[in-house]
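Biologist: Before we begin, I should like each term to be explained by its cut-off. May we look at the model together?

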Amino acid sequence: MDNNENRTRPVVKRKRILWGRVAAALVLLILVFVLLIKAAGALIRAGKNNSSSKADTSKPSDSTAVSTVQSSSEAQTNVQYNITVCVDPGHGDYDAGTVNADKTRLEKDDNLRISLKLRDYLKEYGINVVMTRDDDTFVELEDRTDIANNAKCDFFICMHRNAYDGEMSGVEIWVNNAKPKEDTALAQNILDGLEKVGISNNRGVCYGYVGEPDINYHVNIYTYMPSCLVELGFLTDETDNKDFDAHIDEYAKAVADAVVKTAVELGVTDNSGKRLIDGPFFTNDKKLAADAQAKKPQTVSKPYNAQENEY
């Protein structure tokens, strides 16, 4: 090839690759990809949070549930019931009541012990409590019922221990032989509560007077309000005595709970403790019977005013 050919051949210029621009483009693509991944993750998390929120509104967490239960329980404990209850510890002073075999245990003392505990549990419910005695003194039967009637009490509970010359045990509760529904409800609720705590034998709700079904205990006929006489185990039975000593606080609370339950069931108060009736909870039939009985006392083979319930 001669020199003329070399002069006439066109000159081809090589294009220069701009590596800086390529790198910038790659960085931009990577940033866009990262942003897309983050956006997708955010959407997924938002969806999960919405699901959790819906679940929380329909079903509270365990800690929330526990807190709700505790609050409800505390509210129930703090309810104050607008009623008045007369607690009557049987016997007192020189009238010792029943004694055990070696005469180391006196009924009057057991009656007072549990009656004072019952008073305290009733007061925790805001209940006004009237005691016929709160120490070792003697109170006539007529005075016991007068105290309750004059104080316009809504319920009357007489606390005793039982006795038998032989093997006999358990709890029984005595009510007027006319079987007033209000008195029976009070007695049955108390008996149910005591049985839940634990007693040797459930002897049931009894009517009238032991051995004399046609008459009544003084406290169950001369009281104008629902009343019952609780024979809390046989003092002559060692098993009953052990139960009494071991569960005295639980027994007292069970009786207090039964009083509240009865007040609500009979419409004296509602569940909030608000009183629903005007005046005392005197039952008309019982008041009329008590007034009539006061004019014409009963004559029976055994002393009518005896507090003892020995078989």
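Biologist: What makes Asp 110 and Arg 113 about one helical turn apart?

Modeller: They are separated by about one helical turn because they stand three residues apart in helix H4. Helices (H or I, at least four residues) and strands (E, at least two) are DSSP runs, numbered from the N terminus. Please note that this is a predicted model, in which local features need pLDDT of at least 70 and side-chain atom pairs count only at pLDDT 80 or more, while totals for chains, interfaces and linings use all residues. Residues are numbered from 1 along each chain as its sequence is written, and side-chain values use heavy atoms, with hydrogens and water left out.

Biologist: Why is the meeting of Asp 110 and Arg 113 called a salt bridge?

Modeller: A salt bridge requires a side-chain nitrogen of Lys or Arg within 4 Å of a carboxyl oxygen of Asp or Glu. The N to O distance between the side chains of Asp 110 and Arg 113 is 3.3 Å, so the pair qualifies.

Biologist: Which of the words buried, partly exposed and exposed applies to Asp 110, and which to Arg 113?

Modeller: Buried means under 20% relative accessible area, exposed means over 50%, and partly exposed lies in between (1.4 Å probe, protein chains only). Asp 110 has 2% relative accessibility and therefore counts as buried. Arg 113 has a relative accessible area of 36%, so Arg 113 is partly exposed.

Biologist: How do you know that Asp 154 and Arg 275 form a salt bridge?

Modeller: Their closest N and O atoms are 2.7 Å apart, which meets the salt-bridge limit. The pair links distant parts of the chain, 121 residues apart: Asp 154 lies in the loop between helix H5 and S3, and Arg 275 in the loop between H8 and helix H9. Asp 154 is also buried, at 2% relative accessibility.

Biologist: What can be said of Lys 253 and Asp 257?

Modeller: Their side chains meet in a salt bridge at 3.0 Å, N to O. Both belong to helix H8, where a spacing of four residues separates them by about one helical turn. Lys 253 is partly exposed at 36%, and Asp 257 is partly exposed at 28%.

Biologist: How many salt bridges does a search of the whole structure find?

Modeller: The search finds twelve. Salt bridges that share partners join Arg 105, Asp 110, Arg 113, Arg 161 and Asp 245 into one network.
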